[in-house]
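This report goes through one structure, from its overall make-up to single residues. Please keep the sequence and the model open while reading.

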Amino acid sequence: MTERVAIIGGGKIGEALLAGLIGSGKPVKDLVVAERSAERSAELVADYGIRVTSDIADAVEGARVVVIAVKPDAVDGVLQALSVTDDDGELERITVTLVAGIPTSRYEAALPAGSPVVRVMPNTPMLVNEAMSAISPGRYASEEQVALTVRLMEAVGKVTVVPEKLMDAVTAISGSGPAYFFLMVEAMIDAGVALGLTRPLASELAVQTVKGAGVLLSESGLSPVELRAAVTSPAGTTAAALKEFERAGLRHAVNEATAACAEISAKTARRVEVEGSSQGVQVGAETASEQQ
Ligand SMILES: NC(=O)C1=CN([C@@H]2O[C@H](COP(=O)(O)OP(=O)(O)OC[C@H]3O[C@@H](n4cnc5c(N)ncnc54)[C@H](OP(=O)(O)O)[C@@H]3O)[C@@H](O)[C@H]2O)C=CC1
Ligand SMILES: O=C(O)[C@@H]1CCC=N1
């Protein structure tokens, strides 16, 4: 896509999108980041050679797509800053939010009437163009604007469009999901060391195994059940291991963990509201000094 993209918040997910877009061939001149941390800004400039500014109004000037990638409690400050920026009407600026737990209605209420908003739940494999992103249009987003957001996120991985009411569940599976697998691999490496492997060898074995299993899952056309059965010989080693996972309540743990995740997501907007009203909302970019 050729449109200019401004990313507000150059943290972990903002950087993942930036890196993915650059990796997919988007010219650096069409990207700008608004980041309030001077240290972080310097890192992004050094690593990607992009323009970084602390001024949101400066960043969004001429941008067709404004991506919000700050923590939920910083969203109101960003919206305050955005609501007073000049949206050149011909550009039809689209606000794309990657923020967990804040509904599109909150953005629509803070931005000028009728502003198109699209909510996205991505994940960090975006860094290697393997993101899973779920997209929900707000009430004023046109089909063309949704298609543009799909193209933006397709540059860094796979995309699906879902009704917004599913976003908490999506977050519990794909948004936070990579962390579950990293925890599993961490545990497997420690277990390998306990069984006498060196840490580098245990790490190589575990990482390539999870990668191979992932590729097999996505490319073989077989279900997880079928693939697991193919590894599990009668009265063999795998059956012994799986029996222990079941005994320890792995499925129960997955259910409880994802339910807790979805619950936190569902409560985010209310939590931010309560904390914002008790502390006063802060606008992030207070100065217009550029980092580069
Ligand atoms: N990490 C993940 O795997 C995923 C995250 N998300 C969502 O992405 C969002 C960002 O998460 P993540 O990248 O992990 O968070 P980070 O804290 O790493 O990044 C947010 C960045 O935005 C900066 N920032 C905050 N307010 C402003 C502002 N007003 N102007 C400019 N910059 C600002 C922060 O600076 P400072 O540090 O000074 O506050 C920080 O550098 C969250 O809402 C999260 O829900 C969604 C899917 C996956
Ligand atoms: O942990 C979080 O809140 C964010 C949202 C999804 C992944 N990370």
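How far apart do the end C-alpha atoms of residues 164–266 lie, and what percentage of the span is helix and what percentage strand?

## The annotated domain

In this predicted model, the end C-alpha atoms of residues 164–266 are 11 Å apart. Helix makes up 82% of the span and strand 0%. The stretch is taken from UniProt, where an unreviewed entry lists residues 164–266 as "domain: Pyrroline-5-carboxylate reductase dimerisation".

## The chain as a whole

The protein chain contains 12 helices and 8 strands. Along the principal axes, its C-alpha atoms fill a box of roughly 70 × 40 × 35 Å.

Of its 292 residues, 34% count as buried. Among contacts with a separation of 6 or more, 69% come from residues 24 or more positions apart.

## The sheet

An open sheet of 8 strands is present, with mixed pairing and the order β3-β2-β1-β4-β5-β6-β7-β8. At its edges stand β3 (51–53) and β8 (157–161); each has a single partner strand, so one side of each has no neighbour in the sheet. On average, neighbouring strands are turned by 25° against each other, direction ignored.

At the β8 edge, strand β7 (residues 131–137) runs parallel to β8 and is joined to it by 5 bridges. Within this pair, A134 stands opposite T160 of β8. Helix α7 (residues 167–175) packs on the sheet and touches β6 (117–121) and β7. The direction of α7 makes about 40° with that of β6.

## Strand β4 and its neighbours

Strands of a sheet pair through backbone hydrogen bonds, in a parallel or an antiparallel manner. Strand β1 (residues 5–8) pairs with β4 in the parallel sense over 4 bridges, and V5 has V65 as its bridge partner in β4. Strand β5 (residues 94–97) also runs parallel to β4, joined by 4 bridges. Here the bridge partner of I68 is T97 in β5.

Are the residues on the two faces of β4 buried or exposed? V65 and V67 on one side are buried, as are V66 and I68 on the other, so both faces of the strand are covered. In a regular strand the side chains alternate between the two faces of the sheet.

## The loop after β4

An unreviewed UniProt entry carries the annotation "binding site" for A69, V70, K71 and P72. K71 is found in the loop between β4 (65–68) and α4 (75–83), and P72 has its place in that loop too.

Why does K71 count as partly exposed? K71 has 13 other C-beta atoms within 10 Å, whereas a buried residue needs 20 or more and an exposed one has 12 or fewer. P72, with 18 C-beta neighbours inside 10 Å, is likewise partly exposed. Leaving aside residues up to four places away in sequence, P72 touches V99, A100, G101, I102, T268 and V272.

## Around ligand 2

Which residues surround ligand 2? They are A100, T171, G175 and S176. By class, this shell has 1 nonpolar residue, 3 polar residues and no charged ones.

A100 links this site to the loop described above, as one of the residues that P72 touches. T171 and G175 fall within the numbering of helix α7, which covers residues 167–175.

## Single residues in loops

Most residues other than glycine have a negative phi. N129 has a positive phi, near 60°. N129 lies in the loop between β6 and β7 and is partly exposed, with 16 other C-beta atoms within 10 Å. A235 has a positive phi as well, near 55°. Its loop runs between α10 (224–231) and α11 (237–247). A235 is exposed, because it has 7 other C-beta atoms within 10 Å.

G114 is placed in the loop between α5 (104–110) and β6. With 8 C-beta neighbours inside 10 Å, G114 counts as exposed. G114 and Y140 are 26 residues apart in sequence, yet their C-alpha atoms are 5.8 Å apart in space.

Definitions and conventions
Residues are numbered from 1 along each chain as its sequence is written. Chains are lettered from A and ligands numbered from 1 in the order in which they are written. This is a predicted model: local features need pLDDT of at least 70, side-chain atom pairs count only at pLDDT 80 or more; totals for chains, interfaces and linings use all residues. A residue is near a molecule or strand if its C-beta atom, placed from the backbone, lies within 6 Å of it. Ala, Val, Leu, Ile, Met, Phe, Trp, Tyr, Cys and Pro count as nonpolar, Asp, Glu, Lys and Arg as charged, and the others, Gly among them, as polar. UniProt positions are given in the numbering used here, feature names are shortened, and annotations may be inferred rather than shown by experiment. Two strands pair if DSSP finds at least two bridges between them. Axes are lines fitted to C-alpha atoms, for helices over the stretch in contact, and angles run from 0 to 180 degrees between N-to-C directions. Two residues are in contact if their C-beta atoms, placed from the backbone, lie within 7 Å.
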